Amino acid sequence: MKLDFLLKQKFVNKGVYNNKNIIENTLPAFDLAIKGNFGICFRVRCTKDNKVIVYDDENFARLLKVKDSVENVNYDDIAYLSSYHVPLLEEVLDFINDKTPVIINLAGVYDKKMTKEIINILDKYHGRFAIVSNNSKTISYFNKVRENYILGEIVSKQKPSIYSLGNFIAHYMIKTDFKSVNIKHYNSSELLNFKKLEVPLIGYLITDQRQLNSYNDYFDNIVVDGNIFNI
């Protein structure tokens with residue numbers, strides 16, 4: 001099955017990191033994930049000069065202590081803001097080189113320009129990957145132009161409840177290969193209802209060992225925050 005690589009091993013979000021000597025979404029963090037036999041999930045952003053970087057936040061406030069937004073800064077200027085190397089998507093994929101599968105998170109507002117650039121990059125990558133998004137326009141675009149890509153939908157209560165009939169059908173009708181369900185937005189009985197979607201379910205984001213033990217049974221696979229490991 002084409003989805004086997006999504007279900008055989010747990011995924012870590014942002015690599016294995018502590019944001020001290022190993023920073024999230026960097027090559028050392030991804031190297032530790034590969035050595036730990038994890039798949040890797042990461043989010044991408046687009047800079048002012050249309051470079052796709054592997055970076056989680058909309059701005060640099062949390063990690064770099066500056067207020068600049070990613071979309072307002074050219075890639076070469078990030079080196080002056082950051083004490084560590086913020087990698088390009090191409091660089092990360094070249095490093096991973098199919099040593100482990102990846103899930104690329106495109107959550108947020110639909111950006112056609114960035115989406116086209118990501119496709120240009122992924123068309124050259126021969127490793128195992130999937131795209132996941134909470135934006136129906138993003139998913140529809142990929143379905144239209146790259147039917148061979150494995151696509152997932154992020155499901156959370158930031159959208160209207162999936163359990164009204166209309167919204168349940170709307171989610172079911174969006175063509176995706178799997179659903180990525182935000183565990184913090186649903187109780188146990190609600191999580192069980194997702195089985196009605198009859199597609200593989202990936203739970204996110206597991207942030208401690210208790211959650212790891214509690215949520216395994218609800219999903220076909222899970223995404224664990226990479227900072228829960230003692231490194």
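Lysine 14 lies in the loop that runs between β1 (11-13) and α2 (27-35). The model described here is predicted. Phi of lysine 14 is near 75 degrees, a positive value in a residue other than glycine. Most residues other than glycine have a negative phi. Lysine 14 counts as buried because its relative accessible area is 7%, and the cut-off for buried is under 20%.

Asparagine 19 is also placed in the loop between β1 and α2. Its phi is near 60 degrees, again positive in a residue other than glycine. The relative accessible area of asparagine 19 is 28%, so this residue is classed as partly exposed. That class spans the range between the limits for buried, under 20%, and exposed, over 50%. The loop between β1 and α2 thus holds lysine 14, which is buried, and asparagine 19, which is partly exposed.

A further backbone feature involves the peptide bond from tyrosine 204 to leucine 205. This bond is cis, with omega near -5 degrees. Most peptide bonds are trans. Leucine 205 is located in strand β8.

Both residues of the cis bond recur in the description of the largest pocket. The volume of the largest pocket is about 580 Å³. Its lining comprises 26 residues, and those closest to the centre are Arg43, Asn105, Asn182, Tyr204 and Leu205. Several secondary-structure elements contribute to this lining. At least two residues each come from β2 (39-46), β4 (102-105), β7 (178-182), β8 (201-206), α10 (209-215) and β9 (221-225). By residue class, the lining of the largest pocket has twelve nonpolar, nine polar and five charged members.

The second largest pocket encloses about 460 Å³ of space. It is lined by 19 residues, with Arg45, Glu71, Val109, Asp111 and Met114 closest to its centre. β2 and α6 (112-122) each provide at least two lining residues here. The largest share, four residues, is supplied by β2. The lining of the second largest pocket divides into eight nonpolar, six polar and five charged residues.

Strand β2 therefore appears in both linings, because it supplies at least two residues to the largest pocket and four residues to the second largest pocket, where strands are DSSP runs numbered from the N terminus.

Methods: Residues numbered from 1 in each chain as written. Predicted model: local features only at pLDDT ≥ 70, side-chain atom pairs only at ≥ 80, totals over all residues. Heavy atoms only, no water. 1 Å grid on protein atoms, 1.4 Å probe; cavity = no way out; pocket = protein on both sides within 12 Å on 5 of 7 lines; lining within 4 Å. Points joined across faces, edges and corners; volume = space filled by probe spheres on them. Nonpolar A, V, L, I, M, F, W, Y, C, P; charged D, E, K, R; others polar. Buried < 20%, exposed > 50% of the residue type's maximum accessible area, 1.4 Å probe, protein only.
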